Amino acid sequence: MYLIILCNRYHFKIRLKEFFVVEKLWFGDIELFSASYLVKLKELAGVTAIIPDNYRTHNAGYKVSEDILDRSPFPRGWPEWPESKRALAAQDGIDLVPTYAGIAIQSDDTPLLRLMEVCDKAGIQIYAHSGMWGYAGNIFPDLGFLNIYSERIDKKMSPLAIPLCPNEKSVIDFEIKSVADVMKRYSLNKLDFDHGHYPPLANPYGLLGCACWRCRKRAGELGYDFDAMTEAVRDFHSKLKHITASLLETVYTSANSYKDAITLLGADKELFRWLEYRTVVVSEHMQKVSDGIINALGKTVTINSQLITPSMAYLCGQEVGSWAKSVEYVTPGWASHVGWLEALVNNFIALADLLAKTAHVDEEFALKLIYRIFSYEDIAMPTGIAGLKDYAFDPVEIYKKEIAFADAAMPEGGKILYPFDASLITKGRMDEIADVIRSFAPAGIVCFNWGKDNTDAELLSIGKC
Ligand SMILES: [Zn+2]
């Protein structure tokens, strides 16, 4: 082992590959995984395990022990809730069922039981899948995000993934108990966690919290000066409301990163402490939940967690180095607000719009500035917001860049399962994506396609990773 540590990073990865089976996962709707398609996924693409999901319940559809649901921090019987609560859920694009932290609803598990039988025959493993605290704060406000002005969620925060408070103990306990219960009940030894982050940066108001009493208490215990940090955030927020075109010109000519830009826009060190504090809390939450599940099961199990787009992850509270230590694998997110591609595009659109309106600059300049500070100047990106909305760019170039960001931020020994988007947007590019991923000597990949439209040739390309 000592010799391995002495080796350079490349050799370290090669050695890791000799000792660890490469994981090749497929994240998709539970209906996708028919017996015949699973055989194809295994034989052609080399898929070793699947993460079945259901867009309505955000998990594969489990039964949970009644006594655990009775002690859940979330009220029972969501579908019977008043219309006003349903309307809140609909704002998040959710069809009746919010994305819970843990597994908080009873489902008909017939599809899952059928899938388990088929997977058993095919020699493919199944991951349990659950959300974390990153959603539903607007639906359960007592457990939710509070900003530095002591405001709960209002319309300007919605609809981008409003979190619960990451320091709420009842939520942490429920994530552990409900997920461990499901893993025991179905004898699942692998788990994929989603939504362990503050709002995507496309909702910049997410940077203003969580500043509730629980977070104040935890910050103090961790040695942070909560009052100094929140005062710095208030001050910076106030400065941002009055930025001028000439200040943005200075940022454009002098900043090479978003951290440079934040400094030039007037941030002091306590604002950076605030950003750091948020990453500490988020990693700590993940570690507590991982340890709790392993303790409850009485054995080691594989736990993955989903990282938001690497170039903006730190600003959403995910610091790759500490995050990676709390789980076996770091994996990509796949969804409209948190997928690597979607979150990035939404982020660029929202920030460009904000800068253009606040400083009265044109959106082309705002985007040039944003591409510079997020290191996107070297690939062809749209010059206007309309181009971003139309996805008038090369998605493979964005994946290449984000994979490189994740790899660079990963500590020695940390393992990433890289994203392999096998959906329509990357049609005809599968060999190229496989080449890119292979060049990073990956611990594995997570493929994504909600539909069943990949050809045999494409599945063979995925098999080359
Ligand atoms: Zn809080």
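**Exercise 1. Which exposed residues does the face of α6 turned away from its buried side carry?**

Solution. This is a predicted model, so let us take the helix step by step.

- Begin with the length. Helix α6 covers residues 110-122, and its 13 residues should span 18 Å at 1.5 Å a residue. The C-alpha atoms at its ends are 19 Å apart, which agrees.
- Next, find the buried residues of α6: they are Leu112, Leu115 and Ala122. Around the axis they cover an arc of only 85 degrees, so they sit on the same side of α6.
- A general rule helps here: an α-helix has 3.6 residues a turn, so residues three or four places apart point the same way.
- Now turn to the face of α6 away from its buried side: there you find the exposed residues Thr110, Leu113, Glu117, Asp120 and Lys121.
- To finish, look at what the buried residues of α6 pack against: α3 (35-45), β2 (49-53) and β3 (125-126). After α6 comes glycine 123, with a positive phi near 75 degrees.

**Exercise 2. Find which strands stand at the edges of the open sheet.**

Solution.

- Write down the order of the 5 strands: β3-β2-β1-β9-β8, with parallel pairing.
- Then look at the edges. β3 and β8 (417-421) each have a single partner strand, so one side of each is left without a neighbour in the sheet.
- Zoom in on one pair. Strand β1 (residues 23-29) pairs with strand β9 (residues 444-448) in the parallel sense, over 5 bridges. Here lysine 24 stands opposite isoleucine 445 of β9.

**Exercise 3. Work out whether strand β6 is largely enclosed, and trace its partners.**

Solution.

- Count the buried residues in β6 (residues 302-307): 5 of the 6 are buried, so the strand is largely enclosed by the rest of the structure.
- Look at one partner, strand β5 (residues 190-194), which runs parallel to β6 and is joined to it by 4 bridges. Aspartate 192 has asparagine 304 in β6 as its bridge partner.
- Look at another partner, strand β7 (residues 329-332), paired with β6 in the parallel sense over 4 bridges. Asparagine 304 stands opposite tyrosine 329 in β7.

**Exercise 4. Decide whether tyrosine 135 is buried or exposed, and name what it touches.**

Solution.

- Locate tyrosine 135: it is in the loop between β4 (128-131) and α7 (169-185).
- Apply the cut-off: a residue is buried if 20 or more other C-beta atoms lie within 10 Å of its own. Tyrosine 135 has 26 C-beta neighbours inside 10 Å, so it counts as buried.
- List its contacts, leaving out residues up to four places away in sequence: Pro98, Thr99, Ala161, Pro163 and His195.
- Check one more pair. Tyrosine 135 and proline 199 are 64 residues apart along the chain, and 8.4 Å separates their C-alpha atoms.

**Exercise 5. Find two residues that have a positive phi although they are not glycine.**

Solution.

- Recall the general pattern: most residues other than glycine have a negative phi, and most peptide bonds are trans.
- One of the residues is serine 150, with a positive phi of about 60 degrees. Serine 150 lies in the loop between β4 and α7, and it is exposed, with 10 other C-beta atoms within 10 Å.
- Another is tyrosine 391, with a positive phi of about 55 degrees. Tyrosine 391 belongs to the loop between α17 (385-389) and α18 (395-409), and with 14 C-beta neighbours inside 10 Å it counts as partly exposed.
- As an extra, look at the peptide bond from glycine 209 to cysteine 210: it is cis, with omega near 0 degrees.

Notes:
Residues numbered from 1 in each chain as written. Predicted model: local features only at pLDDT ≥ 70, side-chain atom pairs only at ≥ 80, totals over all residues. Buried ≥ 20, exposed ≤ 12 C-beta atoms within 10 Å, placed from the backbone. Helix = DSSP H or I, 4+ residues; strand = E, 2+ residues; numbered from the N terminus. Pairing = 2+ DSSP bridges. Contact = placed C-beta atoms within 7 Å. Expected span 1.5 Å × (residues − 1). Arc of directions from axis to C-beta.
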